[in-house]
Amino acid sequence: MPSFTQSGEFYSVSYVTGPAHVLLQVAFSSVPVSEPSLVALPAVSALPHTALDPQQILGAVLNAAVATNAELGTAFFPSVIRYVADDSPRYSLYAHCATLLIRRLASGEPFQSVTPTVC
(Lines give C-alpha, C1' and ligand atoms only; values in the text may rest on other atoms or scores of the structure.)
Protein backbone atom coordinates (compact mmCIF):
# COMPACT_ATOMS: atom_id res chain seq x y z
CA MET A 1 0.00 0.00 0.00
CA PRO A 2 1.49 3.37 -0.94
CA SER A 3 1.86 6.21 1.55
CA PHE A 4 1.83 9.85 0.47
CA THR A 5 3.56 12.84 2.06
CA GLN A 6 4.44 16.41 1.18
CA SER A 7 7.54 18.20 2.39
CA GLY A 8 8.01 21.71 1.06
CA GLU A 9 7.74 21.57 -2.73
CA PHE A 10 8.22 17.79 -2.84
CA TYR A 11 5.37 15.31 -3.14
CA SER A 12 6.39 11.82 -2.09
CA VAL A 13 5.12 8.31 -2.40
CA SER A 14 6.61 5.35 -0.59
CA TYR A 15 5.65 2.02 -2.12
CA VAL A 16 6.54 -1.38 -0.68
CA THR A 17 5.63 -4.66 -2.38
CA GLY A 18 7.24 -7.41 -0.36
CA PRO A 19 10.94 -7.35 -1.18
CA ALA A 20 10.66 -4.36 -3.56
CA HIS A 21 10.55 -0.83 -2.19
CA VAL A 22 10.64 2.61 -3.77
CA LEU A 23 10.56 6.14 -2.41
CA LEU A 24 9.90 8.73 -5.09
CA GLN A 25 9.90 12.45 -4.33
CA VAL A 26 8.94 14.90 -7.06
CA ALA A 27 8.70 18.68 -7.30
CA PHE A 28 6.32 19.63 -10.09
CA SER A 29 6.10 22.60 -12.45
CA SER A 30 2.96 23.78 -14.26
CA VAL A 31 4.98 24.10 -17.48
CA PRO A 32 7.17 21.50 -19.20
CA VAL A 33 10.76 21.30 -17.92
CA SER A 34 13.37 20.55 -20.57
CA GLU A 35 15.86 18.91 -18.20
CA PRO A 36 14.45 17.91 -14.81
CA SER A 37 17.01 17.51 -12.04
CA LEU A 38 17.61 14.00 -10.79
CA VAL A 39 18.89 13.63 -7.22
CA ALA A 40 19.99 10.41 -5.51
CA LEU A 41 19.27 10.47 -1.79
CA PRO A 42 21.66 8.59 0.52
CA ALA A 43 21.34 4.82 0.82
CA VAL A 44 19.30 3.70 3.82
CA SER A 45 19.77 -0.05 4.00
CA ALA A 46 22.36 -2.73 3.54
CA LEU A 47 20.22 -4.83 1.20
CA PRO A 48 22.13 -6.01 -1.86
CA HIS A 49 20.51 -4.55 -4.99
CA THR A 50 21.76 -3.99 -8.46
CA ALA A 51 22.90 -0.39 -8.85
CA LEU A 52 20.12 1.89 -10.03
CA ASP A 53 20.34 3.50 -13.46
CA PRO A 54 19.36 7.16 -12.98
CA GLN A 55 18.44 7.55 -16.65
CA GLN A 56 15.96 4.68 -16.41
CA ILE A 57 14.36 6.32 -13.36
CA LEU A 58 14.18 9.63 -15.23
CA GLY A 59 12.65 7.97 -18.30
CA ALA A 60 10.12 6.00 -16.26
CA VAL A 61 8.96 9.08 -14.32
CA LEU A 62 8.80 11.37 -17.37
CA ASN A 63 6.96 8.82 -19.52
CA ALA A 64 4.44 8.19 -16.74
CA ALA A 65 3.92 11.95 -16.30
CA VAL A 66 3.28 12.46 -20.02
CA ALA A 67 0.82 9.56 -20.16
CA THR A 68 -1.02 10.50 -16.95
CA ASN A 69 -1.24 14.19 -17.85
CA ALA A 70 -2.63 13.25 -21.27
CA GLU A 71 -5.17 10.88 -19.73
CA LEU A 72 -6.34 13.33 -17.06
CA GLY A 73 -5.93 16.60 -18.95
CA THR A 74 -3.57 17.88 -16.24
CA ALA A 75 -0.27 19.76 -16.28
CA PHE A 76 2.04 18.31 -13.64
CA PHE A 77 5.57 18.29 -15.03
CA PRO A 78 8.46 16.89 -12.93
CA SER A 79 11.11 19.54 -12.29
CA VAL A 80 13.11 17.69 -9.62
CA ILE A 81 13.05 13.93 -9.08
CA ARG A 82 14.56 12.38 -5.96
CA TYR A 83 15.06 8.68 -5.27
CA VAL A 84 16.91 6.61 -2.68
CA ALA A 85 20.23 5.31 -4.00
CA ASP A 86 19.70 1.74 -2.78
CA ASP A 87 16.00 1.27 -3.56
CA SER A 88 14.80 -1.61 -5.68
CA PRO A 89 15.80 -1.54 -9.36
CA ARG A 90 12.22 -2.06 -10.56
CA TYR A 91 11.76 0.88 -12.89
CA SER A 92 8.12 0.04 -13.50
CA LEU A 93 7.52 0.92 -9.83
CA TYR A 94 8.96 4.40 -10.41
CA ALA A 95 6.54 4.87 -13.30
CA HIS A 96 3.66 3.58 -11.17
CA CYS A 97 4.61 5.90 -8.32
CA ALA A 98 4.78 8.93 -10.64
CA THR A 99 1.31 8.04 -11.91
CA LEU A 100 0.02 7.71 -8.34
CA LEU A 101 1.41 11.14 -7.41
CA ILE A 102 -0.18 12.91 -10.39
CA ARG A 103 -3.51 11.13 -9.88
CA ARG A 104 -3.54 12.15 -6.24
CA LEU A 105 -2.65 15.77 -7.04
CA ALA A 106 -5.35 15.89 -9.72
CA SER A 107 -7.96 14.43 -7.37
CA GLY A 108 -7.22 16.90 -4.59
CA GLU A 109 -6.69 14.11 -2.08
CA PRO A 110 -4.48 15.29 0.79
CA PHE A 111 -0.85 14.46 1.38
CA GLN A 112 0.43 14.05 4.93
CA SER A 113 2.55 17.11 5.63
CA VAL A 114 6.05 16.53 7.01
CA THR A 115 8.78 18.99 7.95
CA PRO A 116 11.21 19.58 5.05
CA THR A 117 14.69 18.11 5.48
CA VAL A 118 17.87 19.35 3.90
CA CYS A 119 19.68 16.75 1.81
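**Fold, surface and aromatic contacts of the predicted chain**

In this predicted model, residues 24 or more positions apart along the sequence account for 74% of those contacts in the chain that have a separation of 6 or more. The secondary structure comprises two helices and six strands, and from the N terminus on these elements follow the order β-β-β-β-α-β-α-β. The radius of gyration of the chain is 13 Å, close to the 14 Å that the globule rule gives for 119 residues, so the chain is as compact as a globular protein of that length. Along the principal axes, the C-alpha trace spans about 40 × 30 × 25 Å.

Of the 119 residues in the chain, 41% are buried. The chain exposes about 6400 Å², and carbon and sulfur atoms supply 59% of this area. With regard to charge, the chain carries 4 positive and 7 negative side chains, and the centres of these two sets lie 8 Å apart.

Aromatic side chains form five pairs in the structure. In one of these, the ring centres of Tyr-11 and Phe-28 are 6.3 Å apart and the ring planes stand at 45°; the pair is therefore tilted, given that planes under 30 degrees apart would count as stacked and those over 60 as edge-to-face. This pair links distant parts of the chain, since Tyr-11 belongs to strand S2 (residues 10-17) and Phe-28 to strand S3 (residues 20-29), with the two positions 17 residues apart in sequence numbering. Both residues also belong to a cluster in which ring pairs link Phe-4, Tyr-11, Phe-28, Phe-76 and Phe-111.

Two helical residues were examined individually. Asn-63 lies in helix H1, which covers residues 54-72, and has a relative accessible area of 55%; because the threshold for an exposed residue is over 50%, Asn-63 is classed as exposed. The C-alpha atom of Asn-63 is separated by 25 Å from that of Pro-19, a residue 44 positions away along the chain. Ser-107, in turn, is found in helix H2, which comprises residues 91-107. The relative accessibility of Ser-107 is 45%, and this residue therefore counts as partly exposed, a class that falls between the buried limit of under 20% and the exposed limit of over 50%. Between the C-alpha atoms of Ser-107 and Leu-72, which are 35 residues apart along the chain, the separation is 9.9 Å.

Conventions. Residues are numbered from 1 along each chain as its sequence is written. This is a predicted model: local features need pLDDT of at least 70, side-chain atom pairs count only at pLDDT 80 or more; totals for chains, interfaces and linings use all residues. Side-chain values use heavy atoms; hydrogens and water are left out. Helices (H or I, at least four residues) and strands (E, at least two) are DSSP runs, numbered from the N terminus. The radius of gyration is taken over C-alpha atoms; the globule rule is 2.2 Å times the number of residues to the power 0.38. Buried means under 20% relative accessible area, exposed over 50%, partly exposed in between (1.4 Å probe, protein chains only). Contact means heavy atoms within 4.5 Å. Accessible areas come from the Shrake-Rupley method with a 1.4 Å probe; for residues, only the protein chains shown count as cover. Lys and Arg count as positive and Asp and Glu as negative; His and the chain ends are not counted. The place of a charge is taken as NZ of Lys, CZ of Arg, CG of Asp or CD of Glu. Rings of Phe, Tyr and Trp (its six-membered ring) pair if their centres lie within 6.5 Å; planes under 30 degrees apart count as stacked, over 60 as edge-to-face and the rest as tilted.
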